[in-house]
Amino acid sequence: MRDGNDPSTTLRPGLPDHYLVPGDIAALLTVPLETIYAWRKERTGPPGFRIGKHLRYDPGAVHDWITTLTETACTAA
């Protein structure tokens, strides 16, 4: 049962306990799905991996990627 109360099922506090699909990333960042695929092709987006033909993202890696972007933006300002 994945009710969010069992700490052994959570990858990181506040992050989903399952791998994300490209549509999840697009919704999270409020960008078009095509942007996610373009980032993947250009290797500028969050790191993803394939399970067979299915593309998945680790929520922790996505969080780390966003943190890196915000830190880079803060130091550039």
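## Exercises on a predicted model

The side chain of Thr70 has a polar atom 2.9 Å from the backbone oxygen of Ile66. This is a predicted model, where local features need pLDDT of at least 70, side-chain atom pairs count only at pLDDT 80 or more, and totals for chains, interfaces and linings use all residues. Residues are numbered from 1 along each chain as its sequence is written, and side-chain values use heavy atoms, with hydrogens and water left out.

**Exercise 1.** Place Thr70 in the fold and state its exposure.

*Solution.*
- Start with the element. Thr70 sits in helix 3, residues 59-76. Helices are DSSP runs of H or I with at least four residues, strands are E runs of at least two, and both are numbered from the N terminus.
- Next, the surface. Thr70 has a relative accessible area of 43%. Buried means under 20%, exposed over 50%, and partly exposed in between (1.4 Å probe, protein chains only).
- Therefore Thr70 is partly exposed.

**Exercise 2.** Find the largest nonpolar core and the neighbours of Ile25.

*Solution.*
- List the members. The core has 7 residues: Leu20, Ile25, Ala26, Ile36, Leu55, Tyr57 and Val62. Such a core joins buried Ala, Val, Leu, Ile, Met, Phe, Trp, Tyr and Cys residues through side-chain atoms within 4.5 Å.
- Trace the elements. At least two core residues come from each of helix 1 (22-29) and strand 2 (54-57).
- Now take Ile25. Leaving aside residues up to four places away in sequence, Ile25 touches Leu20, Ile36, Pro46, Tyr57 and Val62. Contact means heavy atoms within 4.5 Å.

**Exercise 3.** Describe the whole chain.

*Solution.*
- Count the elements: 3 helices and 2 strands.
- Read their order: α-α-β-β-α.
- Check burial: 18% of the 77 residues count as buried.

How values were computed
Polar contact = N/O pair within 3.5 Å; in protein donor to acceptor, adjacent residues only side chain to side chain.
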